[in-house]
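Please load the model in your viewer and keep the selection tool at hand. The stops below go from a single residue to a sheet and then to the whole chain.

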Amino acid sequence: MKLYALSGDPAKPCYVLSYKGLMIMLDCGLSISSVLNFLPLPLVQSPKFQCLPNWNCRDSDIQLEDGEIKECCGCAFVNSAPEFVPPLEKLIDFSEIDVILISNYTNMLALPYITEGTGFCGTVYATEPTLQIGRFFLEELVEYIEASPKESTARMWKEIQHQLPVPLNDVFKPKNWRHLFSMDAVNKSLARVQMTGYDQKLDIFGALQVTPISSGFCLGSSNWTIVSGQEKISYISGSSTLTTHPRPINQTALKYSDVVIMTGLTQAPHVNPDAMLGELCMNVMMTLRNGGSVLIPCYPSGVVYDLFECLSVSLDNQGFTQIPMFFISPVADSSLAYSNILAEWLSTAKQNKVYIPDEPFPHASLVKNAKLKHFKHIDSEGFSTEFRQPCVVFCGHPSLRFGDAVHFVELWGSNPLHTIIFTEPDFPHMQALAPYQPLAIKTVYCPIETSLNFQQANKLIKELKPGVLVIPENYTQPPAIAPQKLDLVIDPVPDKMIIKFKRGEVIKLPLKRKRGRVYLNPKMAKAIVPQEVQPGVTVSTLTGVLQVKDNIHDLLPLEPTKEELADEHSKSKSSGPPQPYSQLRTVRYEWGTLDINLLLKKLAQDGFTDLKVEQGSAEEVTLVLPSEDTVIKVSEKSTEILCGGKQSLRLKLRDLLLQCVQSF
């Protein structure tokens, strides 16, 4: 078994398993952090970004396109449509991928890069919420980029990267970055996805059985088990043991795996999500008391549901019942509506509300009571009429490089009464704000990450008792945001092998197939006649044809060839009626240890008088026939007859040997 690491970001994983002749892709996460190196895409022309000075190379021989690189407060940014980091393409041919297993909607944003224009003809499996909410994420991303097209595309800067100012001179392999796909590519890639449910066993070409298991991270999120005969592999990605709105994690199904591949741990291991939620509410209330408004850059699903619930309660408790909350996204209405029809994917507490009946999420009642107002864009009909301050605005994108959030940062950035609160840990908040500097708006970083932290992961590993643990190399050293925290790593497991990997590596996993499953034909099963070979040991032999088709092994009855049937027919004319074919071939099965003394006696009776016996080790005897230039080597596990190409002599000696062992 081999593992191909196509991603260097454990939070956006993409790996390929090569096993039993199949290529299985585990997730297809898209790294979006590269967009921080580009200027924001405002909805209308921005005087601020247009007035930024151009960066010019000191080398007169190098000519960049006009305005290709802009400078702002000591940092350089590319003035072009943003580019993304897809999974590594050169390591494997995507057309050879047989199946893709998606663990959650945050890990499927690179799917169009993999399935479209690559010759891919495999199958993609995901749960229904993963598919539908993943569609929301992809549609929002494409619409944000297409809403603010750039007149030209910057290309030359990648050729002189080492001469550029910070941070562009330090970015990793920008030539591998790619522009975003089209909506047509999104639709075609999602059409390939087959929906599955928790604990549903899926057959993969007869060779493997894969099963999605609830991971507790977000709606429809799943870990995967891959079973082949006696071997079991578990893929753990984006899991949570916290009590939130998704169905809880199923740990039992992951226990005692031969190999566990673990990724998708928290990106904010140094903070507690509950404490961050409390700090967020406190900062919102302080801002509102001072007459300011709050901007929360967010994704269209996930943690934002919990923020609606928590903030609405806090607003009521603090007497801010008239303060409106605005949710602005191209898929806002779809996301809010869809989340309320997913009862089977929710926690027990949320499910119980459905059977009352009641909406599982409070945002349904918030919308009815006009406390939460949702719009596709800030220029949507009715927004300008409904919008009033102070307020709380949820909108994308968390990178602050595109979407309606760009407008609000420009609108409120110069006013210290307002606050921007970052809850998504995908982007360093200071880098997100860098092209907008100088800013007077208050900035708060409250990363709310519900996936496993290192303490929870170490506890889970001990409970699962894996044979081999496979983790990204990043998890064996403290994170860059907290280098002094030596406890923020995966602990060594006593008597267990831990294999680490990094982007671009191909590693061999120590999983060897020991057994295979063979299906016995019913006719053959009925013909089995057990024989007792020694007290307490009963065996039976089988003679048949082993058929392998679609990785399924069937043992079928031995059928006669046309020549054998014709020969038997001619014999039956002279010797009476034909016999059943099962009696045509008399097969003897030899077993046990060769009786050397009996062999010597039979050889002497057959005329081999010049026989010499040479005793080797305790388990090996050599018989030499000088007159025939023949040597017979007998050991515990094998017998060899070396007779210089005399086929008739070899067959004669073979028959004598077989007479000296037990048979049935």
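Select Thr153 and show its neighbours: leaving aside residues up to four places away in sequence, Thr153 touches Glu65, Ser80 and His179. Keep in mind that this is a predicted model.

Now show the backbone around Thr153. The residue sits in the loop between α3 (128-147) and β9 (178-179). Is Thr153 buried, partly exposed or exposed? Its relative accessible area is 26%, so Thr153 counts as partly exposed, because that class runs from the 20% limit for buried to the 50% limit for exposed.

Next, add His179 and draw a C-alpha to C-alpha distance from Thr153. It should read 9.9 Å, for two residues that are 26 apart in sequence.

Move on to the sheet. Select β11, β12, β13, β14, β15, β22 and β23, which in that order make up an open sheet of seven strands with mixed pairing. Colour β11 (202-204) and β23 (497-501): these are the edge strands, each with a single partner strand, so each has one side without a neighbour in the sheet. From one strand to the next, the twist averages 20 degrees.

Stay with β11 and select β12 (residues 208-214) beside it. The two strands pair antiparallel over three bridges. For one bridge, pick Leu202 and its partner in β12, Val210.

Finally, zoom out and colour by domain. The assignment gives domain 1 (2-45 + 53-58 + 67-266 + 451-508), domain 2 (273-445), domain 3 (515-566 + 578-587) and domain 4 (590-663). The centres of domain 1 and domain 4, taken over C-alpha atoms, are 64 Å apart.

Definitions and conventions
Residues are numbered from 1 along each chain as its sequence is written. This is a predicted model: local features need pLDDT of at least 70, side-chain atom pairs count only at pLDDT 80 or more; totals for chains, interfaces and linings use all residues. Side-chain values use heavy atoms; hydrogens and water are left out. Helices (H or I, at least four residues) and strands (E, at least two) are DSSP runs, numbered from the N terminus. Buried means under 20% relative accessible area, exposed over 50%, partly exposed in between (1.4 Å probe, protein chains only). Contact means heavy atoms within 4.5 Å. Domain bounds come from an automatic or database domain assignment. Two strands pair if DSSP finds at least two bridges between them. Axes are lines fitted to C-alpha atoms, for helices over the stretch in contact, and angles run from 0 to 180 degrees between N-to-C directions.
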